[in-house]
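Colleague: Could you choose one strand of this model and take me carefully through its surroundings, explaining each term as you go? I am still learning how to read a structure.

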Amino acid sequence: MERVKELLTIVRPTGWLVLGIGAGAAYVAALAGWREMAVLAAACLLLLALAAPFLLGRTSVDVDLRLEPERVAAGDSVAAGVLVRNVASGRLLPTTLEVPVGSSTHRYGIGSLPAGGVHEESFTIRTERRGVIRVGPATTRRGDPIGIFSRDMVWTPVREVLVRPPMVPLDSLGAGLLRDLEGVSTDAVSQSDLAFHALREYVPGDDLRHIHWRSSAKVMASTGESSLLVRQYLDTRRSHAALVVDDQRGSWSNDEVFEEAMSVAASIAVRAVLDEFDVSFVCGETASTGSDGHLALDAVCRADFGDTGIVAASRRATAVAPDCSLLFLVGGRDTSFTDMLRGSAAFPPEVRRFAVVLDPEGTSRVTETGGLPVLHLAAKEDLGGLLLWSLR
């Protein structure tokens, strides 16, 4: 059965058309005795017979599809190439190589190659906007010029070029929560943590476990006074930034504003990674989390419109980033502010939250409603200044 299915896939739509016309003409010729129909049926049969020999020849090659780099910013180009090597013991008959790139297909004629022979092609993939460009699979196609028969063989998996949105530079986001023992040191002095700061004299109420006995003994030996020294620490904060973007098309005045929002999210994600934050990103069905900045930026590349909404996405973010300390809710002019408040309420009260609203027709400013600071952006270039002012 599998063999029959494989044979049926060899016949292309043009081949089925020729076969159908020939069969129909033969039926009419036999039924009505039309000589013209008999000639048409014979012509179709001859055409099928002439196309069949083009399937002859065995294709045994190794195909290497190269993309450099696989992650680029919008507007940059990707150098791509495909290397075909004949791994058969005999000569490879001429064939055609097809490499789909996005919505287009690159076709190359591969001439006859001796055993071990190599054929190389190179091309450039140009990027215009954020997204994912699928490249491949590289397929050899052996068949007739008309397209009646074709025997296709796939040699590589589908590869992806991730196109990131344009980003703006930002200053440090600062530290996160006083909750975890790993993270960014702050200026807040603590009695117990991992970041050792200094020694000080013991005062009643200090934990005896923090007495530095060796230093205390040295002080008492040199001064002759009874004095105990205890360890002083700096608080460390768990640094985890969560980015939630509204995926509903109705929240955005147009697609370009949504792309600006993705640029804002990517810019914050890059800054958070530079500050050694973990970063989580949620937009509709797309979500990622971790300390690797590529994860968040790859998710930004894949994000698209949907019907999840910012409230449901925020609730999902609480599961993706349960230890979040810094939250950014990104929406458009038509995103319901009530929904933003509901989304922020899904997080614990100690999480520091910000709403970012993109409105190209408005003015850039910072407001606060219901205890939620709101950064109104007329352009993404204003993000740095507003964010710096809000984080003070």
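Modeller: What follows is a close look at strand β14, beginning with how the model is to be read. The model is predicted, and for that reason local features need pLDDT of at least 70 and side-chain atom pairs count only at pLDDT 80 or more, whereas totals for chains, interfaces and linings use all residues. Residues are numbered from 1 along each chain as its sequence is written, and side-chain values use heavy atoms, with hydrogens and water left out.

The names of the elements come from DSSP runs numbered from the N terminus, a helix being a run of H or I of at least four residues and a strand a run of E of at least two. Strand β14 belongs to an open sheet of seven strands with mixed pairing, in the order β16-β15-β14-β17-β18-β20-β19, where two strands pair if DSSP finds at least two bridges between them. At the edges of this sheet stand β16 (286-290) and β19 (365-369), each of which pairs on one side only, and the twist from one strand to the next averages 20°.

Strand β14, which covers residues 240-245, pairs with β15 (residues 278-283) in the parallel sense through five bridges. Two of the bridge partners can be named: A241 is matched with V279 in β15, and V244 with V282 in β15. Strand β14 is also joined to β17 by five bridges, and these two strands run parallel as well; in that pairing A242 stands opposite L327. Together with α5, the strands β14 and β15 make a right-handed β-α-β unit, the term meaning that, with the strands pointing away from the viewer, the path from the first strand over the helix to the second runs clockwise.

How enclosed is β14? Six of its six residues are buried, so the strand is largely enclosed by the rest of the structure; here buried means under 20% relative accessible area, exposed over 50%, and partly exposed in between, with a 1.4 Å probe and protein chains only. Both faces are covered, since H240, A242 and V244 are buried on one side and A241, L243 and V245 on the other.

One residue of β14 also leads into the interior, for V245 is among the residues with the most contacts inside the largest nonpolar core, which has 38 residues, and the others are L173, F281, F328, L358 and L383. Such a core is a set of buried Ala, Val, Leu, Ile, Met, Phe, Trp, Tyr and Cys residues joined through side-chain atoms within 4.5 Å. The elements that give two or more residues to this core include β14, β15, β17 and α6 (293-302), while its largest share, 10 residues, comes from α5. F281, leaving aside its neighbours within four places in sequence, is in contact (heavy atoms within 4.5 Å) with L243 and V245, and its other contacts include M262, A265 and V300. Apart from this core lies another, of 23 residues, among them L65, A80, L92 and L113.

To sum up, β14 is a strand with both faces covered, joined by five bridges to β15 and by five bridges to β17, and it is one of the elements that give two or more residues to the largest nonpolar core.

Notes. Axes are lines fitted to C-alpha atoms, for helices over the stretch in contact, and angles run from 0 to 180 degrees between N-to-C directions.
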